Amino acid sequence: MAKLTIRDDADADPLRGAANGTARAADIPPVDVARETRLGRIFGGAAILSVLLTLASLLVQGSSIPRREGNQEPNDRTQLFDVGGGGDGLLVSQYLRALSVLLIIAVAWFLYDAIRGRNPSFSVWVPRAGTLAFAATAVVLILGFYEVRDVADEFLGSGPRSLERAESLLDEARDGTLGTINLVTVLAGLVSGIWLSITSLEAGRVGLLTRFLSVFGIGAGLATAIPGLGIGPYLMLGWLGSVGAIAVGYWPGGRPPAWEAGRAMSWDEIEAQERGARIERRERRNEG
């Protein structure tokens, strides 16, 4: 006959118990929900502003790049023509993008505070790594643009405007400062992707994100960490806007209850509460 065993809640829930190095839920003081709500409006607004600045940078960039004649495939030559002819509009676009990236640092620390208030074992190195990655990204966005613009000025200023010369000038730049900038860009993308995946996972575990948004963030982080994939930053943009809306307090069907509860809530607990609420509403309708 099978032996009946009863698991302790500390073993059933990874957020509880000292077996995995975390404190028991009963030992974690509740979060100051009123303070967190006030901060959420500020930092959630910062997340939404970051998204808007990114969109604005894309619009400015699109309106600044001169129209090409014919159907020219993008290459080093067209890049130098675009940067050289884009004028100050492209520079403004880069500064808008850099500012949008810097705003994510504030969001990263707000999310760290919210997660750690529900799970004290959440490492401070996660937002620290994200801070370094986003700060580096903002810097190389500006420096990289100036480097390419210098090459574009040389290319358009004198000499043949051939594809071979454009490739030669950019290859020379890539062997120097531009190569270092490209390397930092790749490393910063890797670290920021890891930050996004870990933060999404931990925020989901304590119930601050929906199951879908947590999984979406993990996937977006992995896509961001892969160099050359291209889609990662756009996925991060969607995740960031969604997190901003939740932090501000607006989400279809209401934001996850862990925000109002001021404590960690697993998805199973949240789903059980939602089932109970649905049953209660159905019973009330039947009685009426």
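**Contacts, helix crossing and salt bridges in a predicted model**

In this predicted model, 72% of the contacts in the protein chain between residues at least 6 apart in sequence join residues at least 24 apart.

Q: How many helices and strands are there in the protein chain?
A: The protein chain has eleven helices and zero strands. From the N terminus on, its elements therefore read α-α-α-α-α-α-α-α-α-α-α.

Q: What makes the pair H4 and H9 oblique?
A: The axes of helix H4 (residues 87–116) and helix H9 (residues 232–248) cross at roughly 55 degrees. Angles under 35 degrees count as roughly parallel, and 65 to 115 as roughly perpendicular. The crossing angle of roughly 55 degrees fits neither class, and H4 and H9 are therefore oblique to each other. Their axes come within 12 Å, and H4 passes H9 in a left-handed crossing.

Q: Which residues make the contact of H4 with H9?
A: On the H4 side the contact is made by Ile104, Val107, Phe110 and Leu111. On the H9 side Met236, Trp239, Leu240, Val243 and Ala247 take part. By class, this contact has nine nonpolar, no polar and no charged residues.

Q: Why is the pair Arg35 and Asp113 called a salt bridge?
A: The closest N and O atoms of Arg35 and Asp113 are 3.4 Å apart. The rule asks for a side-chain nitrogen of Lys or Arg within 4 Å of a carboxyl oxygen of Asp or Glu, so the pair qualifies. By this rule the count comes to six salt bridges. Arg35 lies in helix H2 (residues 33–64) and Asp113 in helix H4, so this pair ties together parts that are 78 residues apart in sequence.

Q: Why are Arg35 and Asp113 called partly exposed?
A: Arg35 has a relative accessible area of 37%, and Asp113 also stands at 37%. Buried means under 20% and exposed over 50%, so both residues fall in between and count as partly exposed.

Q: How do you know that Arg174 and Asp76 form a salt bridge?
A: The side chains of Arg174 and Asp76 meet at 3.2 Å, N to O. This distance is within 4 Å, and the pair is therefore a salt bridge. Arg174 lies in helix H6 (residues 163–174) and Asp76 in helix H3 (residues 76–85), so parts that are 98 residues apart in sequence are tied together. Salt bridges that share partners join Asp76, Asp171 and Arg174 into one network.

Q: Which term, buried or partly exposed, applies to Arg174 and which to Asp76?
A: Arg174, with a relative accessible area of 31%, is partly exposed. Asp76 stands at 16%, under the 20% limit, and therefore counts as buried.

Q: What makes Arg205 and Glu202 a salt bridge?
A: Their closest N and O atoms are 2.9 Å apart, which is within 4 Å, so the rule is met. Both residues lie in helix H7 (residues 177–205), three residues apart, about one turn of the helix.

Q: Why is Glu202 called buried?
A: Glu202 has a relative accessible area of 12%, which is under 20%, so the residue counts as buried. Its partner Arg205, at 24%, counts as partly exposed. Leaving aside neighbours within four places in sequence, Glu202 is in contact with Ile115, Asn119 and Phe122.

Q: What share of the protein chain is buried?
A: Buried residues make up 38% of the 288 residues in the protein chain.

Notes:
Residues are numbered from 1 along each chain as its sequence is written. This is a predicted model: local features need pLDDT of at least 70, side-chain atom pairs count only at pLDDT 80 or more; totals for chains, interfaces and linings use all residues. Side-chain values use heavy atoms; hydrogens and water are left out. Axes are lines fitted to C-alpha atoms, for helices over the stretch in contact, and angles run from 0 to 180 degrees between N-to-C directions. Helices (H or I, at least four residues) and strands (E, at least two) are DSSP runs, numbered from the N terminus. Angles under 35 degrees count as roughly parallel, over 145 as roughly antiparallel, 65 to 115 as roughly perpendicular and the rest as oblique. A crossing is left-handed if the near helix is turned anticlockwise from the far one by less than a right angle, and right-handed if clockwise. Contact means heavy atoms within 4.5 Å. Ala, Val, Leu, Ile, Met, Phe, Trp, Tyr, Cys and Pro count as nonpolar, Asp, Glu, Lys and Arg as charged, and the others, Gly among them, as polar. Buried means under 20% relative accessible area, exposed over 50%, partly exposed in between (1.4 Å probe, protein chains only).
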